[in-house]
Amino acid sequence: QVQLVESGGGLVQAGGSLRLSCAASGRTFSRSYMGWFRQPPGKERVIVARIYWSGGNIYYSDSVKGRFTISRDNAKNTVYLQMNSLKPEDTAVYYCAADLNNNGVYEHWGQGTQVTVSS
């Protein structure tokens, strides 16, 4: 059974930084995409960044490009999202997700972690 557990959210002032972690377990992820999504209050969930588990092929949404960095540690089965220069509009629940079949469909999701950026 695939499990994704996020951590690292919290309250930070604008301009600050946070690092989110997503610990994955339950199977091998060597041919999977891992993504970070976010859902601001009252809005739809959207993708923020994506990385192929055993390689690059990194994607960032325009809203976070240059400020956020996605990375992974295969030995720890963990994906990270380093968030710098945070803005109030980055406030959202952040979710980690896995596309295990490499088909663009994220079948497995974590529980989410709240990120709040104060102005």
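**Briefing: strands, disulfide and selected residues**

Phenylalanine 68 stands opposite methionine 83 in β8. Both strands concerned belong to a predicted model, in which β7 spans residues 68-73 and strand β8 covers residues 78-83. The points below set out the sheet around this pair, the disulfide, a buried arginine and two loop residues with a positive phi.

**The sheet**

- Four strands make up an open sheet, arranged in the order β1-β3-β8-β7, and their pairing is antiparallel.
- The edges are held by β1 (3-7) and β7 (68-73); each has a single partner strand, so one side of each is left without a neighbour in the sheet.
- On average, neighbouring strands of this sheet are turned by 15° against each other, direction ignored.
- Six bridges link β7 and β8, which run in the antiparallel sense.

**The disulfide**

- One disulfide is found in a search of the whole structure.
- Cysteine 22 and cysteine 96 are its partners, with an S to S distance of 2.0 Å.
- Cysteine 22 belongs to strand β3 (residues 18-25) and cysteine 96 to strand β9 (residues 92-99), so the link ties together parts that are 74 residues apart in sequence.
- The angle about the S-S bond is -70°, and the link between cysteine 22 and cysteine 96 is left-handed.
- Cysteine 22 and cysteine 96 are both buried.

**Arginine 38**

- Arginine 38 is part of strand β4, which covers residues 33-39.
- Arginine 38 counts as buried because its relative accessible area is 8%, below the 20% limit for that class.
- The side chains of arginine 38 and serine 63 are joined by a polar contact of 3.3 Å.
- Leaving aside residues up to four places away in sequence, arginine 38 touches a set of residues including Glu44, Arg45, Ser63, Phe68, Glu89, Asp90 and Tyr94.
- Phe68, among the residues touched by arginine 38, is the residue that stands opposite methionine 83.

**Loop residues with a positive phi**

- Most residues other than glycine have a negative phi.
- Asparagine 77 is not a glycine, yet has a positive phi of about 50°.
- Asparagine 77 sits in the loop between β7 and β8, and its relative accessibility of 24% makes it partly exposed.
- Serine 85, also not a glycine, has a positive phi of about 50°.
- The loop between β8 and β9 contains serine 85, which is partly exposed at a relative accessible area of 41%.

Technical notes
Residues numbered from 1 in each chain as written. Predicted model: local features only at pLDDT ≥ 70, side-chain atom pairs only at ≥ 80, totals over all residues. Heavy atoms only, no water. Buried < 20%, exposed > 50% of the residue type's maximum accessible area, 1.4 Å probe, protein only. Polar contact = N/O pair within 3.5 Å; in protein donor to acceptor, adjacent residues only side chain to side chain. Contact = heavy atoms within 4.5 Å. Disulfide = S-S within 2.5 Å. Pairing = 2+ DSSP bridges. Axes fitted to C-alpha atoms, helices over the stretch in contact; angles between N-to-C directions.
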